[in-house]
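Here is a short set of exercises to work through with the structure open beside you. Try each task before you read its solution.

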Amino acid sequence: ELRAALTWLADYPHGCLEQTSSRIFPLLTADGILAAQSPVADRVADYVAAGVRRVESMIRATDFVMWPDCNSAPWDRDVSLYAAHFLVEAERSGARLKPASRQQVLKFLRAWALSPTNSISAYACHTLALARAADKDRMLHLYDRRADLGLLDRARLARAFVAVHDRPRATALPAGAASPASVKEAA
């Protein structure tokens with residue numbers, strides 16, 4: 001079943017921003033059983049590089065776009081955050097990003113970290129920390145307002161604190177959180 005699922009994923013014919021990121025993200029850690037079952041095990045690096053190039057082709061001056069040949073940003077900020085997260089994780093796994101792409105993604109993330117929407121700010125802080133460009137001031141601001149954060153936001157912020165070696169705050173964030181409100185939060 002896993003092999004069939006990976007074959008389907010590798011050959012998925014659609015390629016908007018979210019679909020490309022979602023198709024390649026699992027391949028970033030394609031080792032162990034995943035690599036043994038993967039129909040593309042010997043070409044994972046090529047698939048990842050192609051996915052990175054495609055997502056980079058959807059970077060514009062102010063945001064990502066949904067398709068390489070369009071200029072309008074996604075209607076949902078989470079899609080752009082997800083694409084930025086994908087590129088950061090791709091780089092962490094050894095893929096090479098164009099320097100201009102990396103700079104633009106970090107610029108986006110820094111701006112999104114200042115969002116008044118907690119979920120956007122927490123996800124941006126999480127991804128900046130993974131990129132070794134943490135916005136500690138914003139992380140502390142969110143930490144001080146943790147009572148206003150949902151479970152997923154707390155989890156992302158906790159991972160950001162782990163990335164900057166602040167385990168006490170990372171450990172404190174889940175305390176007092178409400179039960180998961182969605183499948184996404186439960187995951």
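**Exercise 1. The cysteines**

Is Cys-16 buried or exposed? Decide too how many disulfides there are.

*Solution.* Keep in mind throughout that this is a predicted model.

Step 1: Cys-16 has a relative accessible area of 8%. Buried means under 20%, so Cys-16 is buried.

Step 2: look for a sulfur partner. The nearest cysteine sulfur to that of Cys-16 belongs to Cys-70 and is 9.8 Å away. A disulfide needs the two sulfur atoms within 2.5 Å, and Cys-16 is in no disulfide.

Step 3: the count for the model comes to zero disulfides.

Step 4: turn to Cys-125, which has a relative accessible area of 0% and is therefore buried as well.

**Exercise 2. The nonpolar core**

Find which residues have the most contacts inside the largest nonpolar core, and which elements build it.

*Solution.* Step 1: the largest nonpolar core has 51 residues. Those with the most contacts inside it are Phe-64, Phe-86, Leu-87, Leu-109 and Trp-112.

Step 2: list the elements that give two or more residues to this core. They are helix 2 (17-24), helix 4 (44-56), helix 5 (77-92), helix 6 (99-113), helix 7 (118-130), helix 8 (136-144) and helix 9 (151-163).

Step 3: zoom in on Leu-87. Leaving out residues up to four places away in sequence, Leu-87 touches Val-52, Val-55, Glu-56, Ile-59, Phe-64, Leu-97 and Val-105.

**Exercise 3. An enclosed helix**

Explain why helix 2 is described as largely enclosed by the rest of the structure.

*Solution.* Step 1: pick out the buried residues of helix 2, which are Leu-17, Gln-19, Thr-20, Ser-21, Arg-23 and Ile-24.

Step 2: set them against the length of the helix. Six of the eight residues are buried, so helix 2 is largely enclosed by the rest of the structure.

**Exercise 4. A cavity and what surrounds it**

How many cavities of 30 Å³ or more does a search of the whole structure find? Describe the lining of the largest cavity.

*Solution.* Step 1: the search finds one such cavity. About 40 Å³ of space lies in the largest cavity.

Step 2: its lining is made by Leu-87, Val-88, Glu-91, Leu-97, Arg-102, Val-105 and Leu-106. Helix 5 and helix 6 each supply at least two of these residues.

Step 3: sort the lining by class, which gives five nonpolar, no polar and two charged residues.

Step 4: now look at Ala-131, in the loop between helix 7 and helix 8. Setting aside residues up to four places away in sequence, Ala-131 touches Val-88, Arg-102 and Leu-106, three residues that also line the largest cavity. Ala-131 counts as buried because its relative accessibility is 8%.

**Exercise 5. Two buried polar residues**

Place Ser-101 and Asn-118 in their helices, then find their contacts beyond four places in sequence.

*Solution.* Step 1: Ser-101 is part of helix 6, and with 8% relative accessibility it counts as buried. Ser-101 is in contact with Glu-56 and Ile-59 once its neighbours within four places are left aside. Both Glu-56 and Ile-59 are also touched by Leu-87.

Step 2: Asn-118 lies in helix 7 and counts as buried at 12% relative accessibility. With residues up to four places away not counted, Asn-118 touches Leu-142, Arg-145, Asp-148, Leu-149 and Asp-153.

Key: Residues numbered from 1 in each chain as written. Predicted model: local features only at pLDDT ≥ 70, side-chain atom pairs only at ≥ 80, totals over all residues. Heavy atoms only, no water. Core = buried A, V, L, I, M, F, W, Y, C linked by side-chain atoms within 4.5 Å. Buried < 20%, exposed > 50% of the residue type's maximum accessible area, 1.4 Å probe, protein only. Contact = heavy atoms within 4.5 Å. 1 Å grid on protein atoms, 1.4 Å probe; cavity = no way out; pocket = protein on both sides within 12 Å on 5 of 7 lines; lining within 4 Å. Points joined across faces, edges and corners; volume = space filled by probe spheres on them. Nonpolar A, V, L, I, M, F, W, Y, C, P; charged D, E, K, R; others polar.
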